[in-house]
Amino acid sequence: MQAYLKLMLTTLVVVMLFAHDKTAAAAFAIIENSARGQGMAFAGGGAIAEDASAAWFNPAGIVRLENQLQVSGSYIMPSFKFSDRNSIQETPEVDLPLLPASKQHSDGGQYAFVPNLYFVNAFNDQVYLGIAVNAPFGLVTEYNDDWVGRYQAVESSLKTLNVNPSIAWKIDSHWSAALGVSVDYIDVRLTNAVDFATVCAAEVLAVCPNGALPGQGGFDGFVSNTGDDLSLGANFGLMWSSANTRLSFAYRSQIKHRLQGTADFSTPSTLGGLAALPEPLAGDLSAAFADSNIKADVTLPDSAAFGFYRQLTPQWAVTGDFTWTDWADIQSIKIRFDNPLTPTGVEQFGFDSAWRYALGVEYRPNDRWTFRSGTAFDESPTPNAALRSSRLPDADRSWMSLGVSYQVDQRYSIDFGYSHLFVRDVSIDRLGATQDRLTGDYDSSADIVSLQLNARF
C-alpha cells in the first residue's frame with residue numbers, strides 16, 4: 001500500500017509539470033481524461049465505472065471498484081488551417097487590405113500532451129474515496145506573429161490543473177451517491193500585435209510617423225497579457241445499477257476565476273514622440289500603452305451528464321450519454337488595466353449552451369482482451385462567423401473512436417484509445433479592436449491517441 005501511495009504522489013508531481021501543454025475540445029473543454037473512454041468516444045463515461053477514472057466522470061460509480069491507481073495520458077494533434085478571404089482594415093475614408101495578403105494560409109493548431117491521475121480507495125463496504133487530478137479545460141493556439149490576423153490573436157493559452165477529491169456512499173444494492181470539491185488552478189496568456197498606425201491616426205487625426213498606414217504592418221507593436229488564479233468548485237453524482245444495467249447522472253458546478261496578472265507592451269520607438277504635437281491633437285500615447293497590472297474574470301461553465309451502460313451478453317455491451325454544458329455563462333472576457341489611460345480590453349465570445357451526444361459498443365471475447373468503438377457529436381457553442389475568434393476557431397465536430405484493453409494479470413491492465421475528429425468547415429468575419437476585419441475560412445481536424453495503465457491493490 002505504501003509503495004502505491006508513493007507512486008501516486010510521484011505521478012502527481014509529473015502531472016503538474018506536464019499540465020502546461022493542452023488544447024481544446026468543444027470550446028476550450030478537455031474531455032480526454034481516460035484512454036479507456038477514448039476508445040468509445042467517451043460514450044457513457046459516467047455509467048461505465050470500470051476503472052478509477054470514474055472518480056472524475058461520476059464518483060458515485062467508484063463503489064463498484066477495488067482499490068486502484070490509474071495513470072493515463074493523451075497526445076492531441078489538432079489542425080486549424082485558416083485561408084484568408086480579403087481581410088480588410090476599415091477606415092473612415094477607404095478600406096485597405098490587411099497585409100501581408102500574400103500569406104493566405106496559417107495553421108494555429110498546436111500539439112499537446114494531457115496527463116491524468118486517478119486514485120480510488122475503500123474505507124469500508126459503503127464509503128469510498130476518489131481523487132482525480134487532470135486538466136478539464138485548456139486552450140493552445142499559436143500563429144506566426146506576422147500573419148494577417150495578428151491584431152486579433154497570435155498566441156492564446158489557457159491552462160488548468162484540477163484536483164478533485166470526492167466521497168461516495170453505497171446506499172443500497174442499487175443506489176450510490178457522491179460529493180466532491182474541485183481545487184482549480186488556471187493560467188492564461190493572450191498575445192497579439194497592436195496596430196499603432198490605427199491608434200495614432202484616431203488620436204491625432206494625422207498621418208503616423210514614416211507615413212505608416214493602418215493595417216499595413218508599418219507601425220506595429222505587441223502586447224502580452226498573462227494572469228492566474230486558484231478557485232473552488234463542486235460536483236456530485238448519482239448511479240443506479242442492476243446486474244446488467246447502469247444509469248448515471250453527474251453534475252459539475254461552474255468555477256469563477258478572478259485572474260490577476262500583468263500586461264507587457266512593446267511599442268514603436270517613435271510613439272512617444274507624438275506627445276510633442278500640440279494639444280488637443282495628442283497626449284503622450286506611449287503612456288497609455290505602458291506595462292501595467294491587470295485583472296480579468298473567467299468563468300469555467302457548469303455541466304450535467306446523463307449516461308447508461310447495458311450488458312447485452314457476456315461478450316457485448318453498449319453505452320451512451322448526453323452532456324449539457326452551459327457555455328452561455330461566457331459572453332466575453334474583459335481585461336481591466338490598472339493604468340487609467342489604457343482602455344479595457346474585451347474578448348467577445350457570445351457563447352450558447354451546447355450538447356454532446358455519444359454512443360459506444362464493447363466486445364470482450366475473453367478475460368484478457370476487450371475491444372471497443374464509439375462515435376459522438378459535439379456541438380460548438382460559437383453562434384456565428386462574427387463571434388468566432390481566431391483564438392478559438394471552434395466548430396461542430398464528429399468523433400470516430402477505436403480502443404483496446406489488455407489484462408496483463410490480476411493486478412495490472414493497459415488501455416489504448418484513438419479518435420479522429422471530423423470538424424465542420426466554418427468561416428470567420430470578425431471585427432477587431434482597431435477596426436481590422438478578419439475574413440476567411442477554417443479547415444480543421446484532430447487526431448488523438450491515449451494510453452493508460454491501471455494498477456489494483
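Student: What volume does the second largest pocket have?
Tutor: About 430 Å³, where volume is the space filled by probe spheres set on grid points joined across faces, edges and corners. A pocket here is an open set of points on a 1 Å grid over the protein atoms alone, with protein on both sides within 12 Å along at least five of seven lines.

Student: Which residues are closest to its centre?
Tutor: Arg36, Glu50, Arg364, Gln407 and Arg456, out of 21 that line the second largest pocket. Lining residues have an atom within 4 Å of a point. By the way, this is a predicted model: local features need pLDDT of at least 70 and side-chain atom pairs 80 or more, while totals for chains, interfaces and linings use all residues. Numbering starts from 1 along each chain as its sequence is written, and side-chain values use heavy atoms, leaving out hydrogens and water.

Student: Which elements give two or more residues to that lining?
Tutor: Strands β19 (369–378), β20 (397–407), β21 (412–423) and β23 (436–456). Strands (E, at least two residues) and helices (H or I, at least four) are DSSP runs, numbered from the N terminus.

Student: And how does that lining divide into nonpolar, polar and charged?
Tutor: Four nonpolar, six polar and eleven charged. Asp, Glu, Lys and Arg count as charged, Gly is among the polar ones, and Ala, Val, Leu, Ile, Met, Phe, Trp, Tyr, Cys and Pro are nonpolar.

Student: Switching to closed space: how many cavities are there of 30 Å³ or more?
Tutor: A search of the whole structure turns up six. A cavity is a set of points where a 1.4 Å probe fits but cannot get out. The largest cavity holds about 750 Å³ of space.

Student: What lines the largest cavity?
Tutor: There are 45 lining residues, and Trp56, Arg252, Ser303, Thr323 and Thr325 lie nearest the centre. Among the elements that supply at least two of them are α3 (45–48), β10 (220–241), β15 (316–325) and β18 (354–363). The lining of the largest cavity divides into 25 nonpolar, 15 polar and five charged residues.

Student: OK, β18. Which residues sit on its covered face?
Tutor: Ala354, Arg356, Ala358, Gly360 and Glu362. On the uncovered face of β18 you find Trp355, Tyr357, Leu359, Val361 and Tyr363. In a regular strand, side chains alternate between the two faces of the sheet.

Student: What does β18 pair with?
Tutor: β15 and β18 are antiparallel with ten bridges, and Trp316 stands opposite Tyr363 there. β18 is also antiparallel to β19, over eight bridges, with Glu362 partnered by Arg372. For pairing, DSSP must find at least two bridges between the strands.

Student: How many residues lie between β18 and β19?
Tutor: Five, and the two strands form a hairpin.

Student: Now β7. Why is it largely enclosed?
Tutor: Four of the five residues of β7 (138–142) are buried, so the rest of the structure largely encloses this strand. Buried means under 20% relative accessible area, with exposed over 50% and partly exposed in between (1.4 Å probe, protein chains only).

Student: Which strand do its bridges go to?
Tutor: Five bridges join β7 to β8 (155–170), running antiparallel. Val140 has Ser157 as its bridge partner in β8.

Student: Last one: what are the totals for the protein chain?
Tutor: Six helices and 23 strands. The chain has 457 residues, and 54% of them count as buried.
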